Amino acid sequence: MSAREANFDGLIGPTHNYAGLALGNVASATNKGAVSNPKAAALQGLAKAKAVAETGLVQGVLPPHPRPDFRTLHALGFRGSEARMIEQAAKDAPDILANLYSASAMWTANAATIAPSADAADGRVHFTPANLSSHLHRSLEAPQTARSLNTIFADDRRFAHHEPLPAGAGLGDEGAANHTRLHVDGEGAAHIFVYGLDGERFRARQARRASEAVARLHGLDAGRTAFLPQSRRAIDAGAFHNDVVGVGDGRVYFFHEHSFEDLDAARAEILRIAPYAELIMAPADEVPLDDAIRSYLFNSQLLTPPDGAKTLILPTEAEENEAARRFVEKTVQADNSIAAARYFNVRESMRNGGGPACLRLRVALTEDEVAAAHRGFLLTDETYERLTGWVERWYRDRIAPDDLADPALARESHEAVEALADLLGAPRLYSA
Ligand code: SUG
């Protein structure tokens with residue numbers, strides 16, 4: 001039975017804010033201290049997910065994580081009532097508190113790496129949550145990500161869940177954002193893992209050894225798996241994950257000329273493991289690397305809806321950038337597999353460096369596997385209405401940096417996710 005791509009979007013959490021936590025992420029640094037709008041953020045994300053669902057593709061959501069993370073506050077020695085812990089952390093370690101408040105679990109392209117059942121040696125869908133060890137705020141995500149994935153994909157005859165890799169400098173794993181699967185019917189799928197090389201300004205976040213471990217765990221065919229270095233230049237320009245400079249779907253890989261350290265070697269390697277690959281490259285003289293990163297042109301979703309018209313789902317920032325917009329127009333008109341482009345406003349997430357592709361985790365599933373997934377997490381018209389109602393009920397429309405010291409924000413954010421667990425039909429989601 002052939003698998004179809006399902007997208008699980010991160011439901012943006014009620015504490016979404018701009019704390020400038022991510023090194024090498026230009027948008028995060030630029031917007032540090034700005035006032036966020038969590039309500040708008042969540043509604044923007046849901047509207048994008050709904051539009052994808054309406055193309056006929058299976059669409060799900062991954063829930064926000066409880067924030068602030070009281071377990072970690074406790075582990076760091078803060079004691080007393082929750083209000084007291086917040087007050088103390090705001091005074092003694094506001095930087096730590098900001099990390100514990102981050103809604104970064106929204107960027108589910110970093111939640112895990114997935115292998116569809118057709119590609120895994122044991123015929124199950126494999127999941128490895130990312131350890132996200134490069135940043136404190138992101139390293140806190142793995143336990144809840146594992147809980148959420150286990151809740152949604154519970155049937156162990158069909159779904160195999162691995163532990164996140166051990167955290168450490170040589171094993172940083174940032175999940176599917178650095179992994180692309182290419183395939184055509186009747187041929188084995190190819191897996192491209194892109195790892196980072198430290199630049200002069202910024203350090204790499206994805207380690208080669210981590211990608212290799214994930215490929216081993218998932219039982220991928222070594223003859224159809226490639227490990228390619230991302231260019232230092234791209235990392236230094238702000239491409240902290242490879243999905244900022246490239247995206248693939250089916251036979252197509254759409255990428256920037258400066259995304260790989262060695263372009264010719266990368267091209268040859270992709271064509272070796274996927275001889276059918278259609279490589280669509282943006283030359284730097286048409287789209288300078290800085291424009292590609294500022295506009296998030298490549299942080300688009302490349303979708304094949306049931307009608308077959310391969311479509312780019314881009315952020316409005318790419319429409320506003322002349323070089324990016326022109327290249328999109330040219331690509332859609334050219335004789336290639338990309339047939340259409342649509343722009344979406346996910347500006348609140350973009351201001352923290354997360355575009356349409358960051359907000360979704362792709363899980364290719366057969367119909368039986370979709371049927372075995374927890375229904376509550378699939379986005380139907382009904383769940384969309386309930387989720388937007390939940391956001392309207394619980395979310396603030398502004399969070400300024402000082403608000404993180406407000407125990408009321410901590411309390412209402414926790415109450416919100418507890419209510420969500422019930423709404424999704426998974427009351428043990430945060431405790432299982
Ligand atoms: O890890 N931003 C995220 C953005 C992740 C985007 N994901 C992909 N490219 N797949 C990050 O850099 C900013 C949070 C803050 O600054 O508060 C942040 O973590």
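**Exercise 1. Place Gly199 in the fold and list what Gly199 touches.**

Start with the address: Gly199 sits in the loop that links strand S7 (190-195) to helix H8 (208-217). Helices (H or I, at least four residues) and strands (E, at least two) are DSSP runs here, numbered from the N terminus. Before going on, note that this is a predicted model: local features need pLDDT of at least 70, side-chain atom pairs count only at pLDDT 80 or more, and totals for chains, interfaces and linings use all residues. Residues are numbered from 1 along each chain as its sequence is written, and side-chain values use heavy atoms, with hydrogens and water left out.

Next, the contacts (heavy atoms within 4.5 Å). Setting aside residues up to four places away in sequence, Gly199 touches Arg232, Ile235 and Asp236. Finally, try a distance: from C-alpha to C-alpha, Gly199 and Trp390 are 43 Å apart in space and 191 residues apart in sequence.

**Exercise 2. Decide whether Lys91 and Thr225 are buried or exposed.**

You'll need the cut-offs: buried means under 20% relative accessible area, exposed over 50%, and partly exposed in between (1.4 Å probe, protein chains only).

- Lys91 lies in helix H4 (residues 82-92). Lys91 counts as exposed because its relative accessibility is 64%. Its C-alpha is 8.4 Å from that of Ala405, 314 residues apart along the chain.
- Thr225 belongs to strand S8 (residues 225-229). With a relative accessible area of 8%, Thr225 is therefore buried.
- Now look around Thr225: not counting residues up to four places away in sequence, it touches His191, Phe193, Ala215, Leu220, Arg272 and Ile273. The Thr225 side chain also reaches the backbone oxygen of Asp221 at 2.8 Å.

**Exercise 3. Work out which strands flank S4 and how covered S4 is.**

Two strands pair if DSSP finds at least two bridges between them.

1. On one pairing, S3 (residues 112-115) and S4 run antiparallel, joined by four bridges. Ala112 stands opposite Pro129 in S4.
2. In the other pairing, S4 and S5 (residues 159-161) run parallel, with three bridges. Here His126 stands opposite Ala160 in S5.
3. As for cover, five of the five residues in S4 (residues 125-129) are buried. Val125, Phe127 and Pro129 point one way, while His126 and Thr128 point the other way.

**Exercise 4. Find what surrounds the ligand.**

Count a residue if one of its heavy atoms lies within 4 Å of the ligand. That gives 20 residues, the closest being Leu21, Ser28, His137, Arg205 and Asp243.

Then check distances between N or O atoms, with 3.5 Å as the limit for a polar contact; within protein, one atom must be able to donate a hydrogen and the other to accept it, and residues adjacent in sequence count only if both atoms are side-chain atoms. Asp243 has a polar side-chain atom 2.7 Å from a ligand nitrogen. For His137, a side-chain N or O atom is 2.7 Å from a ligand oxygen. Asn25 puts a polar side-chain atom 2.9 Å from an oxygen atom of the ligand. Last step: the ligand taken alone exposes 490 Å², and the protein buries 100% of that (Shrake-Rupley method, 1.4 Å probe).

**Exercise 5. Name the residues that touch the most other members of the largest nonpolar core.**

A nonpolar core is a set of buried Ala, Val, Leu, Ile, Met, Phe, Trp, Tyr and Cys residues joined through side-chain atoms within 4.5 Å. The largest has 58 residues, and Phe8, Phe153, Val363 and Leu365 touch the most other members. Helix H16 (residues 381-394) gives the most to this core, with five residues.

Definitions and conventions. A residue is near a molecule or strand if one of its heavy atoms lies within 4 Å of it.
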